[in-house]
Amino acid sequence: MECDKCGREAVMHAAYSGLHLCERHFCGSVDKRVRRRIREDGLLSPEATPDDPETWVIGLSGGKDSVVLTHILAETFGRDPRVELVALSIHEGIEGYRDASLDASEELTAELDIDHEIVTYAEEFDLRMDDVAASDPEGMAPCAYCGVFRRDVLERYAEALDADKLLTGHNLDDEAQTALMNFFSGDLKQMAKHFDASLGPFPDRAESDRFVPRAKPLRDVPEKEVALYAHLNDLPAHITECPHASEAYRGEIQRLLLDVEESHPGTRHSILAGYEELAELAAIRYRDDDGEEFGECDRCGAPTARDLCRKCYLVEAVHEA
Ligand code: SF4
């Protein structure tokens, strides 16, 4: 097949757009989608200047999504004095898995010449995910613990690094799956939180001084295209799956979405577009009557509606097991 733009050999066909693209035009189209998303989300504040730049912290796991995001951000803003990029990686304590992906992350940040911070669950919480998965004091999937610990580390370190934005590498498939899971649970409040936390343009989101605002500039790019982009650019992405990966429900939704996408190309894009509008309406609806009173965690001071925040509760449960 030939590239629809220049006639060279095509490396991919996107059924949702009908386009065949060569390597150059495919990579250019991914760059363009990410930059357009950054523009449309108003990610770079008009108040950022070379004397008072914004700090963007990138959650870098070493997997293809965060590696591609870091690469495109460094290409786009590496020489822009209004933005300082810092990569933040987390070592969860998973034997034979995280060491390799951290090597990939270090190689990438050294190549791109951006600052790189590494945080470990061992130092932060005195635990390792391998031990948590083995003891499982709350009878939950490992990812349920890991997600709480990761969110805590990302938020605290983004704050400590004086971040203006926290960027993560969620792709179109991730976000369409989350949208469907929230639809299926019928939980409008969850949709509202999702919008305010990480979707849509910045001026339209609720202002919160509790958390550094998040952004997902890769959310217009399908997962397979992210993988192809990493491969074509020879990026040091780590592709092994975590041995504790266990989100069974998300796996079901993923298979469902891929089936529907195959017979109805463009479904993921339309789900996400409709979801963002609905989530924004839900955010407006619930902003005034949230009713949730936030105090401080007795142990770490994090905002919580209970005596102990979820992270401190789980850390205690793991240590007592
Ligand atoms: Fe943690 Fe689950 Fe991700 Fe493994 S797959 S790193 S346990 S969240």
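1. Helices here are DSSP runs of H or I with at least four residues, numbered from the N terminus. By that rule Ala317 sits in helix H12. The model is predicted, and every point below should be read with that in mind. Ala317 counts as buried, because its relative accessibility is 13% and the cut-off for buried is under 20%. Its C-alpha lies 9.8 Å from that of Val132, although the two residues are 185 apart in sequence.

2. Helix H12 also carries a salt-bridge partner. Glu316 pairs with Arg299, with the closest N and O atoms 2.3 Å apart. Arg299 belongs to the loop between strand S8 (295–296) and strand S9 (303–304), while Glu316 is in helix H12 (residues 310–320), so the contact ties together parts 17 residues apart in sequence. Arg299 is exposed, at 52% relative accessible area. Glu316 is partly exposed, at 28%.

3. Next, the sheet. Five strands form an open sheet in the order S5-S4-S3-S6-S7, and the pairing is parallel. Its edges are strand S5 (115–120) and strand S7 (214–215), each of which pairs on one side only. Strand S3 (residues 54–59) and strand S4 (residues 83–91) run parallel and are joined by six bridges. Within this pairing, Val57 has Val86 of S4 as its bridge partner.

4. Salt bridges deserve a point of their own. The whole structure holds 21 of them. One links Glu95 to Arg128, with 3.5 Å between the closest N and O atoms. Glu95 is in the loop between S4 and helix H3 (98–112), and Arg128 is in the loop between helix H4 (121–125) and helix H5 (129–135), so this pair ties together parts that are 33 residues apart in sequence. Glu95 is exposed, with 58% relative accessibility. Arg128 is partly exposed, with 31%.

5. Is the pair Lys216 and Glu175 buried or exposed? Lys216 is buried, and Glu175 is buried too. Their side chains form a salt bridge with an N to O distance of 3.2 Å. Lys216 lies in the loop between S7 and helix H9 (223–232), whereas Glu175 lies in helix H7 (residues 172–185), so the bridge ties together parts 41 residues apart in sequence.

6. Helix H7 returns at the surface. A nonpolar patch is formed there by Phe183, Phe184, Leu188, Tyr249, Leu256, Val260, Leu278, Leu281 and Ile284. Together these residues have about 770 Å² of accessible area. Two or more residues of the patch come from each of H7, helix H10 (248–263) and helix H11 (267–287). Phe184 is a member, and its place is in helix H7.

7. There is also a charged patch to note. Lys5, Lys32, Arg36 and Arg39 make up a positive patch on the surface. Of these, Arg36 can be placed in helix H1 (residues 23–40). Arg36 is partly exposed, with 36% relative accessible area. That value satisfies the patch rule, because members need over 30% relative accessible area and no salt bridge.

8. Two backbone points are worth checking by eye. Most residues other than glycine have a negative phi. Asp126 has a positive phi, near 60°. Its position is the loop between H4 and H5. With 59% relative accessibility, Asp126 is exposed.

9. Which value does phi take at Asp162? Phi there is positive, about 60°, and the residue is not a glycine. Asp162 lies in the loop between helix H6 (142–160) and strand S6 (165–167). Asp162 counts as exposed, because its relative accessibility is 60% and exposed means over 50%.

Definitions and conventions:
Residues numbered from 1 in each chain as written. Predicted model: local features only at pLDDT ≥ 70, side-chain atom pairs only at ≥ 80, totals over all residues. Heavy atoms only, no water. Patch = residues over 30% accessible without salt bridge, like charges linked within 9 Å, V, L, I, M, F, W, Y side chains within 5 Å. Areas by Shrake-Rupley, 256 points an atom, 1.4 Å probe, with all protein chains shown as cover. Salt bridge = Lys/Arg side-chain N within 4 Å of Asp/Glu carboxyl O. Lys, Arg positive; Asp, Glu negative; His and termini not counted. Charge placed at Lys NZ, Arg CZ, Asp CG, Glu CD. Buried < 20%, exposed > 50% of the residue type's maximum accessible area, 1.4 Å probe, protein only. Pairing = 2+ DSSP bridges.
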